[in-house]
Amino acid sequence: MRLLVLAAPVFVLTLAAACGVNGQEEAAAPQAGAPLETRPANAPDQRPAFPGQTRAPGVRTEAALQHTVVASGLEHPWGLALLPDGGWLVTERPGRMRIVTARGAVGEPIAGLPPVDARGQGGLLDVIVGPTFADDRLIYWSYAEPREGGNATSVARGRLSEDGAQVENAQVIFRALPTYDGGAHFGSSLDFDDAGHLFVTLGDRSDRPMRPQAQDLGSHMGKTIRINADGSVPSDNPFVGREGALPEIWSLGHRNVQGIAISGDQVWTVEHGTRGGDEINLDRAGLNYGWPEVAYGIEYRGAAINEGITAREGTEQPVYYWDPVIAPGGMTVYDGAMFPGWRGNLLVAALKEKHIARLVLDGGRVVGEERLLTDLGERVRDVAIGPDGAVWAITDEQNGKLVRLAAAN
C-alpha cells in the first residue's frame, strides 16, 4: 500500500483564558441565557412543543482548543471509522475507501469494494468497524448501489486484509427497497448497539412522489432499520409478523438521516429538514417521527410543508431542532478522557454552517449548544472520537481534510 505523508498545519482557537486541571478541558456549566442561534427563523410562526426544543442557550468550553489538519487531498470524504491501531478508515463519495494513519499517511484505495452509483448525493457513504473485528476483521459500509431501473442504499461487509490493501469476500447484507432512479436522500449512517445489532439510517429519496413512502411500512424509504450483523432480522424488531410491513424497520417517518450514535440503550439520530427543521431524535422502536405529514420548517420555495403541522397524535416530537438549519452530517456521543466536561454530549457535524455542534444534554433535553471548529471554514461531514479523547472530523470538500481537534498544549 503506497503511503503519502501530508503536512499538518496547526491552528489554535482560544475560547477562554485558562485550561482546566491537569491541562484537561473543562466545559462551562449550562445556564439559562441567550440562545446561541440569533438568525431569523425560516418559519417564525411555528412554536416549539416544549421549552428548549430549539435555540438552546449558548455555552462555551473553558479552555483553548487547537485543530490540526492531519491529512488532505481526500475527495468528498463521507464516513470515518477508527481502527484498533489508531488509524482511520475513510470513505470518499466517488467510491473509494482508504486508510489514513493517525500521523497523516494516506493509503491507496482499498480494493474489492462493489461498484457505487456516484451521482448527486449518492456514492460510497458510511463505514464502521464490526464489533468482532479483533477476531474476523469484518468492516461494514453503506453505499448507493446501481441497480436495474435506478439505485438505492445497500449495506455490505467484508474482511479487511491484514495489510489493509483489500476487502475480501465482500457481500451485500441489506438492500433498501424499492429501487428508484434518483440522486438524493440515500441516508445513510451505521452503528452497532451493545448486543451486536446493526442500525442503518435511510432517506426518503427526496422527490415528492417518494416522500409518502416514509410513512409506508412496505417501503424502507425514510426509515431507521435494525438487522443482525449477517443481515438477518432480529426476532424482536417492532414490525416482525405484521402483514404488509418490512421486518427490518425499527422506526419510520424520517426525511434524510445522515447521523446515528448509540449510547447504551439510547439510539440518537439526526436528520436534514428543508428550510428549518433539522432534527435530533431519540429513535425508539416502532415509533413514527412524522415526516412528511408533520415537520418543522418550510419548503425550499417558501410554502408550508403539507399543512404546516408540527405536532400530531401518534407522531414523536424531535428532542431538538434547528431553524435555520445547519445541514447535519454524522454524529457521535462524546465519551473520551480529554474533555471530561463533555461526556454524554452529542457532537454533530454541520455541513452548511461549517462547524461541529456540541449539544449538552440533561434529562434527555438539550440545555446548551456550542459551535466548535468554526475557524476551519469547511463543511464538516463526520465526527468521531480518537483513543485519547481528541475529536476527529472529515470535511466534505473537493480537497477534503482529516482534522484533529484537541486541547491546546
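These are my notebook entries on a predicted model of one protein.

**Entry 1: overall form**

I started with the secondary structure. The protein has 26 strands and one helix. I then looked up the extent of the C-alpha atoms, which fill a box of roughly 60 × 55 × 40 Å along the principal axes.

Next I checked the radius of gyration. A compact globule with 409 residues would have a value near 22 Å, and the protein has 20 Å, so the two agree. I noted that 58% of the 409 residues count as buried. I also looked at contacts between residues at least 6 apart in sequence, and 62% of these join residues at least 24 apart.

**Entry 2: the largest pocket**

How much space lies in the largest pocket? I found about 820 Å³. Its lining has 34 residues, and those nearest the centre are I128, D191, T332, A384 and I385. I wanted to know which elements give two or more residues to this lining, and they are β4 (77-82), β8 (124-129), β12 (190-192), β16 (257-263), β20 (328-333) and β24 (380-385). Sorted by class, the lining has 20 nonpolar, eight polar and six charged residues.

**Entry 3: the second largest pocket**

I went on to the second largest pocket, which holds about 380 Å³ of space. Of its 22 lining residues, Q121, H185, N256, H272 and Y300 are the closest to the centre. I counted the classes here as well: five residues are nonpolar, eight are polar and nine are charged.

**Entry 4: cavities**

I looked for cavities of 30 Å³ or more, and the count comes to four. The largest cavity has about 50 Å³ of space. Which residues line the largest cavity? I wrote down R255, E271, H272, G273, G277, E279, W291, V294 and A295. This lining splits into three nonpolar, three polar and three charged residues. I marked H272, since this residue lines the largest cavity and is also listed among the closest to the centre of the second largest pocket.

**Entry 5: the largest nonpolar core**

The largest nonpolar core has 34 residues, and I356, V391 and L402 touch the most other members. I listed the elements that give two or more residues to this core: β3 (64-74), β5 (88-92), β21 (346-350), β24, β25 (391-395) and β26 (400-407). I noted that β24 also gives two or more residues to the lining of the largest pocket.

I then followed L402 on its own. Leaving out residues up to four places away in sequence, L402 touches T68, V69, V70, A71, L74, L80, W88, V100, W392, A393 and I394.

**Entry 6: E397**

I moved to E397, in the loop between β25 and β26. Is E397 buried or partly exposed? Its relative accessibility is 22%, so I entered E397 as partly exposed; the cut-off for buried is under 20%.

Setting aside neighbours within four places in sequence, E397 is in contact with L74, E75, H76, P77, E378 and R379. I took one of these, E378, and looked up the spacing: the C-alpha atoms of E397 and E378 are separated by 7.3 Å, with the two positions 19 residues apart along the chain counted as their offset. L74 appears here as a contact of E397, and L74 is also touched by L402.

**Entry 7: cis peptide bonds**

I looked up two cis peptide bonds. One joins G187 and S188, with omega about 10 degrees. S188 is in the loop between β11 (167-175) and β12. The other runs from W291 to P292, and its omega is near 0 degrees. P292 is in the loop between β18 (278-282) and β19 (320-322). I had already met W291 in the lining of the largest cavity.

**Entry 8: positive phi**

Last, I checked two residues other than glycine with a positive phi. N169 has phi near 55 degrees, and N169 lies in strand β11. With a relative accessibility of 70%, N169 counts as exposed, because the cut-off for exposed is over 50%.

For K354, phi is near 60 degrees. K354 is placed in the loop between β21 and β22 (355-362). Its relative accessible area is 35%, so K354 is partly exposed.

Note on methods
Residues numbered from 1 in each chain as written. Predicted model: local features only at pLDDT ≥ 70, side-chain atom pairs only at ≥ 80, totals over all residues. Heavy atoms only, no water. 1 Å grid on protein atoms, 1.4 Å probe; cavity = no way out; pocket = protein on both sides within 12 Å on 5 of 7 lines; lining within 4 Å. Points joined across faces, edges and corners; volume = space filled by probe spheres on them. Helix = DSSP H or I, 4+ residues; strand = E, 2+ residues; numbered from the N terminus. Nonpolar A, V, L, I, M, F, W, Y, C, P; charged D, E, K, R; others polar. Core = buried A, V, L, I, M, F, W, Y, C linked by side-chain atoms within 4.5 Å. Buried < 20%, exposed > 50% of the residue type's maximum accessible area, 1.4 Å probe, protein only. Contact = heavy atoms within 4.5 Å. Rg over C-alpha atoms; globule rule 2.2 N^0.38 Å.
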